[in-house]
Amino acid sequence: MNGAEEGARAEFLADALAGLSGHPKTLPGKYLWDETGSDLFDRICAHPDYYPTKREMALLPGVASEVATLVGSGVSVVEFGSGASRKIRTLLDALDAPAAYVALDISKAYLESAIERLAAHYPGVTMTPVTADYSKPVRLPPGVASPPILGFFPGTSIGNFTPDQAGGFLGRARETLGPSHFLVGADPTRNAARLRRAYGESGGLMAALHLNLFERLNRELGADFDRDNFRHEARLAEDPFRVEAHLVAIRPASYRLGDRTITVAAGESIRTDTSHKYPPDVFRTLAAAQGWEPVRQWIDEDSGFSLHLFRA
């Protein structure tokens, strides 16, 4: 294990211990995204219950054409949380002579594999994978992206941040990108039945995604969690409106993690992720406070997804 891997492992352990020692218990959602988690989420996106991807992909082609006109030719695209780098194809196809694509993601193996597949389809675009946690400040390697720059943050990932955290991310993104445009997705959905199907069901895939956190804790940190003692549950909460993912203990139990014992009571939950739902006006105000000037917004016909273009 090299120094970077050892540092990442130590950070994972510290974050897990801090979250599981708290009241209520939590695990940071960013640790959902190992290679297995990323693969599971790809399958979730294709499931009929999970509406955000379908709404976004119906909206994106028309939006991409308008964005291409607004940002001009020869842009370098920087995508935050690129995952499988699938949505970027729609954007790259619409842009006029894009110069470069920089993909930022926390899962190194998954990221590099995705870029390798993508590069074959865009031989004229310089492609650079950057392993990074975008919930922290990110500095692009020298020469990786040059103006004009278009940032891209699709999907519902902005919802994983509280309003204060989202503001912090938008501010850090402005520092990362410099003078640029930024295309960001946000979900304004308030339909409770739709949200419960998407985040609580999705054919059991959502449960598998969150339970995979225990597999990571056991495999990477030498813990002994029994994933079969937990069930996945999606909960709606207010002020601000959000969907929370919880892993709820079925029986009381104690587990080893590092040099500590983690005890759970029957019915006790561990919150593993949060998806805040941002109305367009709220989101524009949030971005403007971080120096992003709203340029245009697009909302799908069923109000199931929105895309926002800003500039700085």
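**Warm-up.** How many residues lie between β12 and β13 in their hairpin, and which residue in the turn has a positive phi? Six residues separate the two strands, and Ser303 in the turn has a positive phi of about 55°. This is a predicted model, in which local features need pLDDT of at least 70, side-chain atom pairs count only at pLDDT 80 or more, and totals for chains, interfaces and linings use all residues. Residues are numbered from 1 along each chain as its sequence is written, and side-chain values use heavy atoms, with hydrogens and water left out.

**Exercise 1. Work out the sheet that holds β12 and β13.**

Step 1. Start with the vocabulary: helices (H or I, at least four residues) and strands (E, at least two) are DSSP runs, numbered from the N terminus. Two strands pair if DSSP finds at least two bridges between them.

Step 2. Follow the order β4-β3-β2-β5-β6-β13-β12, an open sheet of seven strands with mixed pairing. β4 (126-131) and β12 are the edges; each has a single partner strand, so one side of each is left without a neighbour in the sheet.

Step 3. Look at two pairings. β2 (residues 76-80) and β5 (residues 149-153) run parallel and are joined by four bridges, with Ser76 opposite Ile149. β12 and β13 pair in the antiparallel sense over six bridges, and there Trp298 stands opposite Leu307.

Step 4. Add a helix. α6 lies across β2, β5 and β6, at about 150° to β2 (axes are lines fitted to C-alpha atoms, for helices over the stretch in contact, and angles run from 0 to 180 degrees between N-to-C directions).

**Exercise 2. Find which face of helix α9 is buried, and what it packs against.**

Step 1. List the buried residues (under 20% relative accessible area, with exposed over 50% and partly exposed in between; 1.4 Å probe, protein chains only). In α9 (residues 280-288) these are Pro280, Phe283, Leu286 and Ala287.

Step 2. Look down the axis of α9: its buried residues fall within an arc of 125°, so they line one face of the helix. The arc is that of the directions from the helix axis to the C-beta atoms.

Step 3. Name the partners. The buried residues of α9 pack against α6 (163-177), β6 (181-186), β12 (293-299) and β13 (306-311).

**Exercise 3. Describe the surroundings of Thr189.**

Step 1. Locate Thr189 in the loop between β6 and α7 (192-200). Its relative accessibility is 3%, so Thr189 counts as buried.

Step 2. Check its side chain for polar contacts (a pair of N or O atoms within 3.5 Å; within protein, one must be able to donate a hydrogen and the other to accept it, and residues adjacent in sequence count only if both atoms are side-chain atoms). The side chain of Thr189 reaches that of Asp187 at 2.6 Å and that of Tyr51 at 3.3 Å.

Step 3. Set aside neighbours within four places in sequence and look for contacts (heavy atoms within 4.5 Å). Those of Thr189 include Phe241, Lys277 and the turn residue Ser303.

**Exercise 4. Classify the ring pair Tyr50 and Tyr199.**

Step 1. Apply the rule: rings of Phe, Tyr and Trp (its six-membered ring) pair if their centres lie within 6.5 Å; planes under 30 degrees apart count as stacked, over 60 as edge-to-face and the rest as tilted. The count comes to 20 aromatic pairs.

Step 2. The centres of Tyr50 and Tyr199 are 5.9 Å apart and their planes at 70°, so the pair is edge-to-face.

Step 3. Tyr50 lies in the loop between α2 (35-45) and α3 (51-71) and Tyr199 in helix α7, so the pair ties together parts 149 residues apart in sequence.
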